[in-house]
Amino acid sequence: MISIPPPGSHGGDAQLIARALGVDPATMIDLSASMNPFAPDVAALIVEILDRDPGTLGRYPNPTAATGALAAAIGVEPDLVVLTNGGSEAIALVAAETQVGRVIEPEFSLYRRHLIVDPDAPRWRSNPSNPLGALAVEFDGAGVWDEAFYPLATGTWTRGDNTAWRLGSLTKLWNCPGLRLGYVIAPDAAAADRIRHRQPQWAVNSLALAVLPELLARTDLPGWHAQIGDLRAEFATALETLGYCVRPTAANWVLVDHPDLRSLLARQRVVVRDCTSFGLPGLHRVALSHPDDFDRVIAAFAAARSA
């Protein structure tokens, strides 16, 4: 029997598993990285942009206009917003600024990678929790809120904690992990300036900056939130009907308890996230698929159940 490669640190393992199976990566459904199943077609928009302005890639990036557009959409002042090369750069930049932080497990591993962990420091916290998918309650606090999945979980851009750092991932929102787009909302303009001075020059490329306003125009947070809620409920019901133990979340994924689910589904060309690296062996985070793939995903779970 073919050995399935062990899971990586952050999901997105479909190509590696496809090589092990000897199949075309395009035949895999990767539910190990949690993206928006209702996102616009980013590739088509990029083609339109390059057709309209072929010089986009021949200019050094200037983030001013894109930053202003995002700030207006979120409802904050532009001088508080710093666009970043993905949410991972936002984490690294703010960690370099704050240096220390409190992390309560299970939690996203990149915080510990970049921080000096101190139990007395302000808390770094994903909201909704990654991987558990639970939203923080109204009176919870944090020094840094990672809101990568917050828009999809709530239908709004941000919790609005103006005294804290807030981090976002447009990669997740628009399903474009290869393009790399994220942001920092700083607690004040001086703090945002310090982040800009830490950031490498031209960190966000011209193509990402050009497509950002186009994607904002196609963004429907309340609509996506409602669609995700409906799809999540339908998915959980289908899995429970098959006999799986499903834990509810507020996010664009469900949690499934099963000791060998990743390996079994990989052989059906569906990839899910093993949560052992979170300290949760036997638990799997399963992103919501595009609706067109729903039936195939359920069939893969059925086959894994009977294996």
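Biologist: Which residues are linked in a network of salt bridges?

Modeller: This is a predicted model, where local features need pLDDT of at least 70 and side-chain atom pairs count only at pLDDT 80 or more, while totals for chains, interfaces and linings use all residues. Residues are numbered from 1 along each chain as its sequence is written, and side-chain values use heavy atoms, with hydrogens and water left out. A salt bridge here is a side-chain nitrogen of Lys or Arg within 4 Å of a carboxyl oxygen of Asp or Glu. The residues that such bridges link in a network are Arg-52, Glu-214 and Arg-218.

Biologist: How far apart are N and O where the side chains of Glu-214 and Arg-52 meet?

Modeller: The two side chains meet in a salt bridge, and the pair links distant parts of the chain, with Glu-214 in helix H9 (residues 206-217) and Arg-52 in helix H2 (residues 42-52), 162 residues apart. Helices (H or I, at least four residues) and strands (E, at least two) are DSSP runs, numbered from the N terminus. From N to O, the separation between Glu-214 and Arg-52 is 2.5 Å.

Biologist: Does Arg-52 count as buried or exposed?

Modeller: Buried means under 20% relative accessible area and exposed means over 50%, with partly exposed in between (1.4 Å probe, protein chains only). The relative accessibility of Arg-52 is 53%, so Arg-52 counts as exposed.

Biologist: Which elements do the buried residues of H9 pack against?

Modeller: Helix H9 is mostly covered, since 9 of its 12 residues are buried, and among them are Leu-207, Val-211 and Glu-214. Contact means heavy atoms within 4.5 Å. The elements against which the buried residues of H9 pack are H2, helix H3 (64-74), strand S2 (81-84) and helix H7 (170-174).

Biologist: With which residue does Arg-125 form a salt bridge?

Modeller: Arg-125 lies in strand S5 (residues 124-126), and its partner, 15 residues apart, is in the loop between S5 and strand S6 (144-146). Arg-125 has 14% relative accessibility and therefore counts as buried, whereas the partner, at 25%, counts as partly exposed. The closest N and O atoms are 2.9 Å apart, and the partner is Asp-140.

Biologist: Which residue's side chain meets that of Arg-59 in a salt bridge?

Modeller: Arg-59 counts as partly exposed because its relative accessibility is 45%, and its partner, with a relative accessible area of 30%, is partly exposed as well. The N to O distance is 2.6 Å, and the partner of Arg-59 is Asp-53.

Biologist: How many salt bridges does the count come to?

Modeller: The protein chain has 25 positive and 33 negative side chains, and the centres of the two sets lie 5 Å apart. Lys and Arg count as positive and Asp and Glu as negative, with His and the chain ends not counted, and the place of a charge is taken as NZ of Lys, CZ of Arg, CG of Asp or CD of Glu. By the salt-bridge rule, the count comes to 10.

Biologist: Which residues does Pro-187 touch, not counting residues up to four places away in sequence?

Modeller: Pro-187 is found in the loop between strand S8 (182-185) and helix H8 (189-198), and because its relative accessibility is 26% it counts as partly exposed. Beyond those sequence neighbours, Pro-187 touches Leu-80, Asn-162, Thr-163, Ala-164 and Trp-165.

Biologist: Where is the place of Ser-129?

Modeller: With 12% relative accessibility, Ser-129 counts as buried. Not counting residues up to four places away in sequence, Ser-129 touches Pro-106, Ala-134 and Trp-253. The place of Ser-129 is in the loop between S5 and S6.

Biologist: What radius of gyration does the protein chain have?

Modeller: The protein chain has 12 helices and 12 strands, and its C-alpha atoms fill a box of roughly 60 × 55 × 35 Å, taken along the principal axes. The radius of gyration is taken over C-alpha atoms, and the globule rule is 2.2 Å times the number of residues to the power 0.38. A compact globule with 307 residues would come near 19 Å, and the protein chain agrees with this at 20 Å.

Biologist: What percentage of the 307 residues of the protein chain count as buried?

Modeller: Among contacts between residues at least 6 apart in sequence, 60% join residues at least 24 apart. By the accessibility limits given earlier, the buried part of the 307 residues is 52%.
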